[in-house]
Amino acid sequence: MPDPVISIRGLTKSYGDNEAVRGIDLEVHAGEVFAFLGPNGAGKTTTVEILEGYRKRSGGEVAVLGEDPERAGGQWRERIGIVLQSCRLDPYLTVRESLELYAGYYASPRPVDEVVELVGLGGKADERTGKLSGGQQRRLDVGMALVGDPELLFLDEPTTGFDPQARRQAWEAIAGLRQLGKTVLLTTHYMDEAQQLADRVAIIAAGEIVARGTPEDLGDRDSQPTTISYRGPEGEVSLSTATPVQTLNELTGRALAEGFELQNLEVRRPTLEDIYLELTEQEVPPA
Amino acid sequence: MSLVLHQFRYDQKAFWRNPASVFFTVMFPVVLLLIFATIFGSQTVDVRGGIKTTTYYVPAIITLSVISATMQSLAMSLVIAREDGRLKRGRGTPMPAWVFIAGRIGNSIVVALMMLALLALIGNVLYGVAIPWDRLPAIVLTLVIGAAAFCCLGIALTAAIPSQDAAAPIVNALLLPLYFLSGVFIPDDQLPSGVIHFADAFPIRHFFEAFFDAYVPANGGGGASVSWGNLAIVAIWGVIGLLLAVRFFRWTPRGG
């Protein structure tokens, strides 16, 4: 198995008495889309900015593309692309000019026109960035991170504050990265975003990883009981069962035999959101 | 080096498209020159044995425009870029930090040279203030040393500016009084000597004197056109600015 693209062991980061990151272990492999999911203030951005080389860690070991980000130089930066959590663009340059400016920083950039298409800004190439909508600006952020043709991309809360349509468009741009074979580390506090985009998810709360896995099996979602609820002759009923097929069979059999209807019948597995809220409940969830 | 040119090209584009930078850096000095020349144009100033007011104000306003194109413009635009996260984003690329700074300084110096040409031309065409072609090397040398020094001071100043909103007030609160006290707005002969002594403690007065000496020939023409003493003081201020900038300049936003 090749070396992981990102490898973290026992990572800690303190600001004075405040421990923002309290011992994180993680590996991200080539071609993977990995999501850090957690509420605001959980330590996501701190961790990502340590991996990007913006912050120094307090303890632990970190290797990104085989190098320590604190010491890595220009050669290493050729291979990574960064979308910061909040960053504006120069409003007086056009989309194409912004990308050309950044393309000039790299030894072997991707063709600018190709990047424009890739992030879905084909019709806006000659528009000044100050005139783009929030969603379009964010896609250009992704384009700016992509123009150097990096192997690894960091996306820090790529869609925070977006309306649903802008999020959908940003997701499409990010999903396109997978097809390019890029490794992506993204942070988000939206459950559906992690579910939609990531191969693997780590839930982070108060500086620690509290669960990890694929979006499907996260937090042992598979083995959690299923909830069945309905309104019958006894009134509102809600049952929890580990064997939903059998329970349903008995229930519908009884309903048919006794001739009543199971109104509002609902079979519910715990959603990723349920797991997330349960795991991060000591934190105040974002509004 | 070609990377510096690359950066410079895009800085130029962004500069000329930004209405605020064009107004404050280019239009404002022109308007000031027109106003001072219109109000005081018929008088004389008692320096160098008496010269026309307009002959005084052309180099004075060029001095102001150089400081505006360098210190003022850089301090404001760098703080805005820093708080926008644009400087941080740039640091995440392979581009070395010095390339970015060199592009910005180059941009400022080129704008300062353009202002020299523009104001010298207006002074000549409208008010008959001679363009001292024979002293051009001294003028350009003085301007470039001054421009470089005030660039360094502008970059250093960003460390003292916490937010985008604070940029214009802080920069103007520093520069405007010194323009008055240094003889840029009010001719030397009307300033008490105590005021000039005070202004001598700051670089604007020395840069103005150096530029004035380069631009306005001494009585009977000729004479030393490069004021080395004043230029040396300006350069020392520049070096201090550079050291402070290296030590305190931030690439990441202050707010959050």
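The C-alpha centres of domain 1 and domain 2 of chain A lie 45 Å apart. In this predicted model, domain 1 of chain A covers residues 6-220, and domain 2 of chain A covers 225-268.

**A proline in chain A**

A:P244 lies in helix α8 of chain A, which spans residues 244-258. Leaving aside residues up to four places away in sequence, A:P244 touches A:T226, A:I228 and A:V267. Is A:P244 buried or exposed? A:P244 is partly exposed, with 18 other C-beta atoms within 10 Å. A residue needs 20 or more such atoms to be buried and 12 or fewer to be exposed, so a count in between means partly exposed. A:P244 and A:E19 are 225 residues apart along the chain. Their C-alpha atoms are separated by 43 Å.

**Two positive phi values**

Most residues other than glycine have a negative phi. Chain A holds two residues to set against that background: A:D149, with phi near 55°, and A:A206, with phi of about 50°. Neither is a glycine. Their places in chain A are loops, as the table shows.

| Residue | Phi | Loop in chain A | C-beta atoms within 10 Å |
|---|---|---|---|
| A:D149 | near 55° | between α5 (134-146) and β6 (152-156) | 19, partly exposed |
| A:A206 | about 50° | between β8 (200-205) and β9 (208-213) | 17, partly exposed |

**Where the chains meet**

Chain B puts 17 residues in contact with 19 residues of chain A. Which elements of chain B give two or more residues to this side? They are α1 (2-17) and α4 (86-91) of chain B. α1(B) gives the most, with 6 residues. By class, the side of chain B that touches chain A has 6 nonpolar, 5 polar and 6 charged residues.

**A helix pair in chain B**

Helix α3 (residues 53-83) and helix α9 (residues 203-215) of chain B also meet. Their axes come within 9 Å and cross at roughly 130°. The two helices are therefore oblique to each other. α3(B) passes α9(B) in a right-handed crossing.

Which residues make this contact? From α3(B) come B:P59, B:A60, B:I62, B:T63 and B:I67. From α9(B) come B:I204, B:F207, B:F208, B:F211, B:F212 and B:Y215. By class, the contact holds 10 nonpolar residues, 1 polar residue and no charged ones.

Technical notes:
Residues are numbered from 1 along each chain as its sequence is written. Chains are lettered from A and ligands numbered from 1 in the order in which they are written. This is a predicted model: local features need pLDDT of at least 70, side-chain atom pairs count only at pLDDT 80 or more; totals for chains, interfaces and linings use all residues. Axes are lines fitted to C-alpha atoms, for helices over the stretch in contact, and angles run from 0 to 180 degrees between N-to-C directions. Helices (H or I, at least four residues) and strands (E, at least two) are DSSP runs, numbered from the N terminus. Angles under 35 degrees count as roughly parallel, over 145 as roughly antiparallel, 65 to 115 as roughly perpendicular and the rest as oblique. A crossing is left-handed if the near helix is turned anticlockwise from the far one by less than a right angle, and right-handed if clockwise. Two residues are in contact if their C-beta atoms, placed from the backbone, lie within 7 Å. Ala, Val, Leu, Ile, Met, Phe, Trp, Tyr, Cys and Pro count as nonpolar, Asp, Glu, Lys and Arg as charged, and the others, Gly among them, as polar. Domain bounds come from an automatic or database domain assignment.
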